[in-house]
Amino acid sequence: MIIILPLIIVIGLAWWLNPGKNPSSPRKIAILATVIPVLMLAIVSTVFQLLHNAAGTIEVSDISNICFIAGCGLIGISAIAAVGLALLQKKDIARGLGLGVCLSVAISIVEFGVLEWLGGV
């Protein structure tokens, strides 16, 4: 329940910021530039946690923790960039970044749950 409620909120916000049937090229690039780094960090942190568990210790790995925090930092930077671009009247790119932030937050919520589950918490 703790993971499902934030996911529902984030998915609702992402639905509101949806790119439509034919998104413009800057919007596609903004979405991909926001989501891909966070997704890669989530994959890396999960792999490091699995390697840490294979070594015989059941706790959250420091490297996995650092990767998760770096992903959260990237989300924060993207959110600030989206607000800045909205203030500069670059609405198309700002909406793309906003959708990318929503998808990145959803990825981070799932990553948090998986890391805590693998860490034995």
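Which helix holds Leu32? Leu32 is found in helix 2. Helices (H or I, at least four residues) and strands (E, at least two) are DSSP runs, numbered from the N terminus. The model is a predicted one, in which local features need pLDDT of at least 70 and side-chain atom pairs count only at pLDDT 80 or more, while totals for chains, interfaces and linings use all residues. Residues are numbered from 1 along each chain as its sequence is written, and side-chain values use heavy atoms, with hydrogens and water left out.

The protein chain contains 4 helices and 0 strands. Along the sequence, the pattern reads α-α-α-α. Of its 121 residues, 33% count as buried. Buried means under 20% relative accessible area, exposed over 50%, and partly exposed in between (1.4 Å probe, protein chains only). The accessible surface of the chain comes to about 7,500 Å². Carbon and sulfur atoms hold 78% of that surface. These areas come from the Shrake-Rupley method with a 1.4 Å probe; for residues, only the protein chains shown count as cover. A contact means heavy atoms within 4.5 Å. Among contacts in the chain with a separation of 6 or more, 77% join residues 24 or more positions apart.

Helix 2 (25-54) has 30 residues. Its span from first C-alpha to last is 43 Å, close to the 44 Å expected at 1.5 Å a residue. The expected span is 1.5 Å times one less than the number of residues. Helix 4 (91-119) has 29 residues and reaches 41 Å, close to the expected 42 Å. Each of these two helices is followed by a glycine with positive phi. Gly56, just after helix 2, has a phi of about 110°. Gly120 follows helix 4 with a phi near 80°.

The buried residues of helix 2 are Arg27, Ala30, Ile31, Thr34, Val35, Val38, Ala42, Ser45, Gln49 and Asn53. They pack against helix 3 and helix 4. The largest nonpolar core has 8 residues: Ile31, Val35, Val38, Ala42, Ile75, Leu99, Val101 and Ile107. Helix 2 and helix 4 each give two or more residues to this core. Helix 2 gives the most, with 4 residues. Such a core is a set of buried Ala, Val, Leu, Ile, Met, Phe, Trp, Tyr and Cys residues joined through side-chain atoms within 4.5 Å.

Helix 2 also carries nonpolar residues on the surface. Leu32, Ile36, Leu39, Met40, Ile43, Val44, Val47, Phe48, Leu51 and Ile63 form a nonpolar patch there, with about 850 Å² of accessible area together. Helix 2 supplies the largest share, 9 residues. Patches are made of residues with over 30% relative accessible area and no salt bridge; like charges are joined within 9 Å, and nonpolar side chains (Val, Leu, Ile, Met, Phe, Trp, Tyr) within 5 Å. Leu32 counts as partly exposed because its relative accessibility is 49%.

A search of the whole structure finds 1 salt bridge. The term denotes a side-chain nitrogen of Lys or Arg within 4 Å of a carboxyl oxygen of Asp or Glu. Asp92 pairs with Arg27, the closest N and O atoms being 2.9 Å apart. Asp92 lies in helix 4 and Arg27 in helix 2, so the bridge ties together parts that are 65 residues apart in sequence. Arg27 is buried at 10% relative accessibility. Asp92, at 29%, is partly exposed.

Helix 3 (residues 62-87) includes Ser64. Ser64 is buried, with 0% relative accessibility. Residues up to four places away aside, Ser64 touches Ser45, Phe48, Gln49 and Leu115. Ile69 is also found in helix 3. Ile69 counts as exposed, at 54% relative accessibility. Its C-alpha lies 9.5 Å from that of Leu41, 28 residues apart along the chain.

Two loop residues complete the description. Thr57 is found in the loop between helix 2 and helix 3. Thr57 is partly exposed, with a relative accessible area of 34%. The C-alpha atoms of Thr57 and Gly120 are separated by 9.9 Å, across 63 residues of chain. Gln89 lies in the loop between helix 3 and helix 4. Gln89 is exposed, at 57% relative accessibility. Its phi is near 65°, a positive value in a residue other than glycine. Most residues other than glycine have a negative phi.
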